[in-house]
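Work through the exercises below with the sequence and the model open. Try each task before reading its solution.

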Amino acid sequence: MTLDQLSAAVGRAPSQLSLIENGKREPKLSVLQGIAAALGVPMQDLLRAEAPSRRAGLEIELAHFQKNPAYSALGLPVVKGGRRLPPDALESLIGLHRELNRLLTEQSATPEVARRANAQLRADMRKRNNYFAEIEAAANKILLSVRHTTGPLSQRGILDVAAQVGFTLHYVNDLPSSTRSVTDLKNRRIYLPQVASGKGHDPRGVVLQTLGHFVLGHNDPADYGDFLRQRVEVNYFAAALLMPEKFAVDFLSEAKADRALAIDDFRDAFGVSYETAAHRFTNLATHHFGIPVHFARVHESGIVYKAYENDNVRFPSDVTGAIEGQPVCRKWASRTVFEAEDPYSSFYQFTDTTAGTYWCTVHVESTRSGEFSVTVGTPYEHARWFRGGDVSGRTVSTCPDPDCCRRPPAQLVENWAGNAWPSARVHSHLLAALPPGTFPGVDNRDVYDFLERRDHGAS
């Protein structure tokens with residue numbers, strides 16, 4: 001029945017009935033009685049919260065789903081749920097809408113999904129001591145194909161690697177802001193920024209990471225866990241090319257024989273960043289030398305940004321097992337380095353913890369987001385292989401006991417409890433869901449516009 005037909009039956013204007021139908025106006029009892037009579041239903045059916053039948057409930061649910069902005073954004077037609085719509089078609093539409101709604105709801109909870117996926121990935125890395133034999137083999141095959149025979153991979157070697165994989169490199173000044181590189185699969189071009197981003201990304205590493213996706217046979221990420229796994233693998237691949245296993249192991253073997261293992265020397269020998277050298281050391285230390293290790297990148301505020309361990313050090317974690325975003329004990333070297341007289345020089349420390357005594361070497365780097373400490377540590381008995389392993393500096397940490405460093409001393413509580421009101425700095429990204437798309441955080445519209453400009457310019 002149309003609004004005009006109902007209007008004629010009850011003697012009310014269609015616009016008034018529309019307001020009643022949409023819940024924007026409460027009808028008088030006499031009007032409600034007239035509507036019930038015209039529709040041939042008991043008046044109580046119009047007053048019940050639940051639908052009068054399953055079919056009616058599904059029709060109402062379909063109408064609500066199709067008013068959802070997420071559905072409107074798809075640009076699909078609105079399907080009317082009247083009697084002409086077959087029951088199986090109605091059931092199918094409702095099922096599809098429910099699944100769409102479920103996926104959108106899950107996406108809005110991405111921070112938690114990401115934390116759980118990252119915790120699982122870190123557990124997988126721990127099981128294999130952060131050593132990926134298949135990626136080492138893939139990197140070695142590439143090095144052999146470009147006849148790389150010694151030492152670090154040069155810029156010329158990187159161009160040869162790109163050509164070997166079938167790509168040309170193009171440096172541009174209009175790369176989309178949400179990307180570090182864009183690959184044109186149609187024309188086999190990799191677009192890179194003309195100037196380094198200034199965010200600590202080695203431009204050589206960006207090229208090799210991009211190539212890694214194709215060498216390792218990656219497909220579009222199936223979910224966030226797959227996206228993180230691919231990122232770890234291409235980072236590993238890039239490091240395995242910049243610091244080839246054979247030469248890196250030879251270098252570390254000589255240093256270990258002299259009891260002078262040092263991330264600084266490892267970095268300088270291969271011309272990479274300290275963090276890349278620290279990561280690469282964790283790939284090789286346990287597999288080749290039997291040295292268990294841990295790694296951490298910690299902001300000056302004490303918050304963990306990255307971490308890995310296979311030496312049973314107990315990083316702080318939340319209920320999902322996530323380490324990222326948690327505060328590190330103030331007694332750990334990752335924090336005490338910021339209080340050192342010269343935090344930018346080599347810093348070493350022993351720390352007695354509830355899980356045992358650990359030795360750490362720490363390097364501080366400055367970024368646009370503040371200062372970060374990059375830590376590599378190992379249990380006490382392995383410190384003898386490292387330069388600085390005889391350091392006298394020592395602290396005691398009893399975390400997670402709150403009396404260790406989180407609970408304020410009694411005197412401070414007495415002086416300031418009830419007399420302090422800090423204004424918290426809330427980072428908006430902590431409250432936001434991860435941007436949608438196959439590649440999280442990347443604006444596909446910007447990428448496609450960029451490629452279209454370049455494709456037309458080339459032709």
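The exercises that follow concern helix packing, enclosed space, an open pocket and backbone geometry in a predicted model.

**Exercise 1. Two helices early in the chain**

Task: Describe how α1 and α2 pack, and list the residues that meet.

Solution.
Step 1. The axes of α1 and α2 are 9 Å apart, and the packing angle is about 105°.
Step 2. Angles of 65 to 115 degrees count as roughly perpendicular, so α1 is roughly perpendicular to α2.
Step 3. On the α1 side the contact is made by Leu3, Asp4, Leu6, Ser7 and Val10, and on the α2 side by Pro14, Leu17, Ser18 and Glu21.
Step 4. Sorted by class, these residues give five nonpolar, two polar and two charged.

**Exercise 2. The second largest pocket**

Task: Which elements give two or more residues to the lining of the second largest pocket, and which gives the most?

Solution.
Step 1. The volume of the second largest pocket is about 2200 Å³.
Step 2. Its lining has 40 residues, and those closest to the centre are Glu21, Leu39, Leu46, Glu59 and Ile60.
Step 3. Two or more lining residues come from each of α1 (3-10), α2 (14-21), α3 (29-39), α4 (43-47) and α5 (54-66).
Step 4. The most come from α5, which gives eight residues.
Step 5. The lining of this pocket holds 21 nonpolar, eight polar and 11 charged residues.
Glu21 thus appears in two places: it belongs to the contact of α1 with α2, and it is listed among the residues closest to the pocket centre.

**Exercise 3. Enclosed space**

Task: Find how many cavities of 30 Å³ or more the structure has, and describe the largest and the second largest.

Solution.
Step 1. Rolling a probe the size of a water molecule over the atoms shows where empty space is left.
Step 2. Searching the whole structure gives three cavities of 30 Å³ or more.
Step 3. The largest cavity has a volume of about 90 Å³. Its lining is made up of His294, Ala296, Val313, Phe315, Trp332, Ala333, Ser334, Thr351, Thr353, Tyr358, Cys360 and Thr375.
Step 4. β4 (294-299), α16 (333-336), β6 (347-353) and β7 (356-367) each give two or more residues to that lining. Its classes are seven nonpolar, five polar and no charged.
Step 5. The second largest cavity holds about 60 Å³ of space. Around it are Phe65, Asn68, Ala70, Tyr71, His97, Leu100, Asn101 and Leu104.
Step 6. For this second cavity, α6 (69-72) and α7 (87-108) are the elements with two or more lining residues, and α7 gives the most, with four. The lining has five nonpolar, three polar and no charged residues.

**Exercise 4. Two further helix pairs**

Task: Decide whether α9 is oblique or roughly perpendicular to α12, then do the same for α14 and α15.

Solution.
Step 1. Helix α9 (residues 133-145) and helix α12 (residues 224-242) have axes that come within 9 Å and cross at roughly 45°. That angle makes α9 oblique to α12.
Step 2. The crossing of α9 and α12 is right-handed.
Step 3. In α9, Ile135, Glu136, Ala138, Ala139, Ile142 and Leu143 meet Glu233, Tyr236, Phe237, Ala240 and Leu241 of α12. This contact has nine nonpolar, no polar and two charged residues.
Step 4. For helix α14 (residues 263-270) and helix α15 (residues 274-289), the axes come within 9 Å and cross at roughly 105°. This angle makes α14 roughly perpendicular to α15.
Step 5. Ile263, Asp264, Phe266 and Arg267 of α14 meet Tyr274, Ala277, Ala278, Arg280, Phe281 and Leu284 of α15. By class the contact has seven nonpolar, no polar and three charged residues.

**Exercise 5. Backbone exceptions**

Task: Where do Asn129 and Pro400 lie, and what is notable in their backbone geometry?

Solution.
Step 1. Most residues other than glycine have a negative phi, and most peptide bonds are trans.
Step 2. Asn129 has a positive phi, near 55°. Its place is the loop between α8 (110-127) and α9.
Step 3. Cys399 and Pro400 are joined by a cis peptide bond, with omega about 15°. Pro400 is in the loop between β9 (394-396) and α17 (410-416).

Note on methods. Residues are numbered from 1 along each chain as its sequence is written. This is a predicted model: local features need pLDDT of at least 70, side-chain atom pairs count only at pLDDT 80 or more; totals for chains, interfaces and linings use all residues. Side-chain values use heavy atoms; hydrogens and water are left out. On a 1 Å grid over the protein atoms alone, a cavity is a set of points where a 1.4 Å probe fits but cannot get out, and a pocket is an open set with protein on both sides within 12 Å along at least five of seven lines; lining residues have an atom within 4 Å of a point. Grid points are joined across faces, edges and corners, and a volume is the space filled by probe spheres set on the points. Ala, Val, Leu, Ile, Met, Phe, Trp, Tyr, Cys and Pro count as nonpolar, Asp, Glu, Lys and Arg as charged, and the others, Gly among them, as polar. Axes are lines fitted to C-alpha atoms, for helices over the stretch in contact, and angles run from 0 to 180 degrees between N-to-C directions. Angles under 35 degrees count as roughly parallel, over 145 as roughly antiparallel, 65 to 115 as roughly perpendicular and the rest as oblique. Contact means heavy atoms within 4.5 Å. A crossing is left-handed if the near helix is turned anticlockwise from the far one by less than a right angle, and right-handed if clockwise.
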